[in-house]
Amino acid sequence: MATTRACDRGGAGAGSSAGDVARAALKKHVEEEYHDLSGEAFSRFMDQLYDRRSGLIDSNKVSDNLGALHAIVVLIEVKLGESTAKVSKISAYIRNVFESKRDPEILMLASRARGCLAQTGGAMTADEVERLNILTRLRAY
């Protein structure tokens, strides 16, 4: 399904063929695992995937942080096995970025990820995004 939402266009680093290929490959891999694995096995797969993103966000390397955030945007866009756990985990990762990172490029991509999360809709998503907005405003003071 082709859309023109900002989340689908890559954002920071967009336009690079390698980045587009990597995002498409991650999305395809997650979709294939969803179809190939049972519900519980797919949940474990996603937990491992989220844990890897968490490790990259905790890294001191900007490239790791950016890679994790690009992957998070892709994971937000994948509409498989949606759950409140997904929203909570992604929101926690984005919150961690706002609390611990100072690099403008990282913060811009985290803001984009926050916007993508908001676009997914739902009451819990709105609550999580509002918490992120409050955190961002508090950091500005």
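# Close-up views of a six-helix predicted model

**Figure 1. The loop between H1 and H2, centred on Leu37.** Leu37 lies in the loop that joins helix H1 (17-36) to H2. The model shown here and in the following views is a predicted one. With a relative accessible area of 29%, Leu37 is partly exposed, because this value falls between the limits of 20% for buried and 50% for exposed residues. When neighbours within four places in sequence are set aside, the contacts of Leu37 are with Phe42 and Phe45. Both Phe42 and Phe45 are listed among the buried residues of H2.

**Figure 2. Overview of the chain.** The chain contains 6 helices and 0 strands, and its elements follow the order α-α-α-α-α-α along the sequence. Of the 141 residues in the chain, 38% are buried. Among contacts with a separation of 6 or more, 63% join residues that are 24 or more positions apart. The accessible surface of the chain amounts to about 7,800 Å², and carbon and sulfur atoms contribute 55% of this area.

**Figure 3. Helix H2 and its buried residues.** H2 comprises residues 39-58. For its 20 residues, a rise of 1.5 Å a residue gives an expected span of 28 Å, and the end C-alpha atoms of H2 are 29 Å apart, which agrees. The buried residues of H2 are Ala41, Phe42, Phe45, Met46, Leu49, Tyr50, Arg53, Ser54 and Ile57. An α-helix has 3.6 residues a turn, so residues three or four places apart point the same way. The packing partners of the buried residues of H2 are H1, H3 and H4.

**Figure 4. The crossing of H2 and H3.** The axes of helix H2 (residues 39-58) and helix H3 (residues 62-77) approach within 7 Å and cross at roughly 145 degrees. The crossing of H2 and H3 is left-handed. On the H2 side, the residues that take part are Met46, Leu49, Tyr50, Arg53, Leu56 and Ile57. On the H3 side, they meet Asp64, Asn65, Ala68, Ala71, Ile72 and Leu75.

**Figure 5. The surroundings of Arg53 in H2.** Which residues of the chain does Arg53 contact, leaving aside its neighbours within four places in sequence? They are Ala68, Ala71, Ile72 and Leu75, each of which is also listed on the H3 side of the meeting between H2 and H3. Arg53 is located in helix H2 and is buried, because its relative accessible area of 13% is under the 20% limit. Arg53 and Tyr93 are separated by 40 residues in sequence, and their C-alpha atoms are 8.3 Å apart in space.

**Figure 6. Lys86 in H4.** Is Lys86, a residue of helix H4 (residues 84-100), buried or exposed? Lys86 counts as buried, because its relative accessibility is 9% and the limit is 20%. A polar atom of the Lys86 side chain lies 3.5 Å from the backbone oxygen of Ile76. Leaving aside its neighbours within four places in sequence, Lys86 is in contact with Tyr50, Leu75, Ile76 and Val78. Of these contacts, Tyr50 is one of the buried residues of H2, and Leu75 is one of the H3 residues that H2 meets.

**Figure 7. Helix H5 and its two ends.** The 16 residues of helix H5 (residues 104-119) should span 22 Å at 1.5 Å a residue, and the end C-alpha atoms are 23 Å apart, which agrees. At the N-terminal end, Asp103 caps H5, with a side-chain oxygen 2.9 Å from the backbone nitrogen of Glu105. After H5 comes Gly121, which has a positive phi near 80 degrees. Within H5, the buried residues include Ile106, Leu107, Leu109, Ala110, Arg112, Ala113, Arg114, Cys116 and Leu117.

**Figure 8. Leu107 of H5 and Asn65 of H3.** Leu107 belongs to helix H5. Its relative accessible area is 19%, and Leu107 is therefore buried, the limit being 20%. Leu107 and Asn65 lie 42 residues apart in sequence, with a C-alpha to C-alpha distance of 9.9 Å. Asn65 is itself one of the H3 residues that meet H2.

Conventions
Residues numbered from 1 in each chain as written. Predicted model: local features only at pLDDT ≥ 70, side-chain atom pairs only at ≥ 80, totals over all residues. Heavy atoms only, no water. Helix = DSSP H or I, 4+ residues; strand = E, 2+ residues; numbered from the N terminus. Buried < 20%, exposed > 50% of the residue type's maximum accessible area, 1.4 Å probe, protein only. Contact = heavy atoms within 4.5 Å. Areas by Shrake-Rupley, 256 points an atom, 1.4 Å probe, with all protein chains shown as cover. Expected span 1.5 Å × (residues − 1). Polar contact = N/O pair within 3.5 Å; in protein donor to acceptor, adjacent residues only side chain to side chain. Axes fitted to C-alpha atoms, helices over the stretch in contact; angles between N-to-C directions. Left-handed = near helix turned anticlockwise from the far one by under 90°.
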